[in-house]
Amino acid sequence: MFFLTILLFSYSHMSQQIQKTTANGKEMVSNPKLELVQGTLNVVMKQNVTLSCLSEPGYPPVRYTLFKHNQQVSVFNRSDLSPALFTLTISSASDVGEYKCKAEYNNSSGGKYSNSLTFTLLEPISKPVLSSPTSQAKKGQNVTLSCFSENGSLPITYLFFKGTQNISPQKTMQKRKAAVIFLFINSLSDFGTYKCKANNSFPNITKYSNAFNFTLAEERSHSQPLIISLGLILLLLIIGFALAIPFFLIPLYKAKKFKSSRPSTGLISRVNAEECENEVIYSEIEPVRPEEEYINFSVIRREEEKAGKSPCATVYSKVLIRD
């Protein structure tokens with residue numbers, strides 16, 4: 001009987017302690033666990049995902065709140081021990097990021113937070129561009145090829161081809177940089193058509209690049225630079241001669257011509273110069289050449305006309321200086 005009394009007392013005390021703890025809430029709720037039950041952490045636009053949040057052990061009712069970057073997204077009250085399910089639709093880039101949930105009793109001011117899950121938005125790959133610093137090569141030369149896709153979620157995996165055969169291992173780029181390979185041009189068969197392809201985590205998307213071809217560079221002979229140099233020298237001589245004609249040869253020719261055709265200054269003829277010079281007639285004669293800078297004068301004496309002699313004209317040449 002005594003033992004039964006002690007057992008009843010212990011049960012009553014435990015029951016009151018459980019009710020007190022449940023009412024308080026702070027001691028009974030545990031850190032909830034956030035899990036992804038539908039979808040993937042790498043998401044695409046318009047994709048649906050479902051998160052589960054559960055605190056165990058716990059005593060219902062429990063209020064679960066979902067947060068994204070410390071901003072409340074949704075609240076769910078559970079009256080049983082089943083988890084709270086949150087369904088999200090990724091409709092924009094702002095819907096991705098870090099998510100957490102919080103578990104608390106309705107009448108409590110505290111609560112505990114779960115682990116975090118981070119969603120990453122996948123972008124489809126864009127068409128890669130295959131290029132090289134040079135498009136011409138010759139045998140025995142090392143060349144490079146680079147493949148780059150400007151858009152698409154990282155990491156991006158590249159693969160290079162010649163024709164339909166891959167010529168390098170896959171190159172996975174964790175940063176937005178071009179994948180580069182080095183080639184050695186050993187024979188004419190190396191001057192084929194090259195391509196590359198790119199893909200990432202976006203499902204069922206692979207893009208191929210443009211085609212790129214190396215052309216054989218022409219071999220230059222050793223005499224070519226000498227021929228070019230001689231041609232330049234000859235061209236300079238022709239230009240120099242052409243410039244010398246108006247500046248040196250033409251003025252020299254005009255000076256010689258003027259000197260040979262120019263008469264002496266003063267009197268040219270002194271015929272009958274000792275005779276009387278009374279009543280002489282001066283008449284101006286037009287210049288022989290208008291372009292010359294001198295003029296001729298003719299003098300006829302009247303005494304000769306009175307004596308019945310044929311008039312004798314004395315011709316003078318005098319330099320005329322024009323303003």
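**Exercise 1.** Leaving aside neighbours within four places in sequence, which residues is Pro128 in contact with? Work on the predicted model, and settle where Pro128 sits as well.

*Solution.*
- Start with the location: Pro128 belongs to the loop between β9 (117-121) and β10 (129-131).
- Next, look at cover. Relative accessibility comes out at 1% for Pro128, and buried means under 20%, so Pro128 counts as buried.
- Now list the partners, skipping neighbours within four places in sequence: Cys147, Phe148, Ser149, Cys196, Ala198, Lys207, Tyr208, Ser209 and Asn210 are in contact with Pro128.
- Take one of these, Cys147, and check the spacing: 19 residues separate Pro128 and Cys147 in sequence, while their C-alpha atoms are 6.2 Å apart.

**Exercise 2.** Follow the contact from Pro128 to Ala198. Is Ala198 buried or exposed?

*Solution.*
- Ala198 is part of strand β17 (residues 193-199).
- With a relative accessible area of 0%, Ala198 is buried.
- Beyond four places in sequence, Ala198 is in contact with Ile125, Pro128, Ser149, Ile156, Thr157, Tyr158, Thr206 and Lys207.
- For a distance check, try Lys171: it's 27 residues from Ala198 along the chain, and the C-alpha atoms are 9.6 Å apart.

**Exercise 3.** Which residues of the largest nonpolar core touch the most other members?

*Solution.*
- The core has 22 residues, and Leu34, Leu51, Tyr64 and Leu66 are the ones touching the most other members.
- Strands β3 (47-54), β4 (62-68), β6 (84-90), β7 (97-105) and β9 each contribute at least two residues to this core.
- Zoom in on Leu34: leaving out residues up to four places away in sequence, its contacts include Leu51, Leu66, Tyr99, Cys101 and Leu117.
- Apart from this core there's another, of 20 residues, with Tyr158, Ile181, Leu183 and Ala198 among them.

**Exercise 4.** Where is Ser168, and what is it in contact with beyond four places in sequence?

*Solution.*
- Ser168 falls in the loop between β14 (165-166) and β15 (171-173).
- A loop position can still be covered: at a relative accessible area of 10%, Ser168 is buried.
- Outside the four-place window, Ser168 is in contact with Leu159, Phe160 and Ile181. Ile181 is one of the residues in the 20-residue core.

**Exercise 5.** Now go to the surface: is Leu234 buried or exposed?

*Solution.*
- Leu234 is in helix α2 (residues 223-261).
- Exposed means over 50%, so Leu234, at 52% relative accessibility, counts as exposed.
- Leu234 joins Leu226, Leu230, Ile233, Leu237 and Ile238 in a nonpolar surface patch, with about 630 Å² of accessible area together.

Methods. Residues are numbered from 1 along each chain as its sequence is written. This is a predicted model: local features need pLDDT of at least 70, side-chain atom pairs count only at pLDDT 80 or more; totals for chains, interfaces and linings use all residues. Side-chain values use heavy atoms; hydrogens and water are left out. Buried means under 20% relative accessible area, exposed over 50%, partly exposed in between (1.4 Å probe, protein chains only). Contact means heavy atoms within 4.5 Å. Patches are made of residues with over 30% relative accessible area and no salt bridge: like charges are joined within 9 Å, nonpolar side chains (Val, Leu, Ile, Met, Phe, Trp, Tyr) within 5 Å. Accessible areas come from the Shrake-Rupley method with a 1.4 Å probe; for residues, only the protein chains shown count as cover. A salt bridge is a side-chain nitrogen of Lys or Arg within 4 Å of a carboxyl oxygen of Asp or Glu. A nonpolar core is a set of buried Ala, Val, Leu, Ile, Met, Phe, Trp, Tyr and Cys residues joined through side-chain atoms within 4.5 Å.
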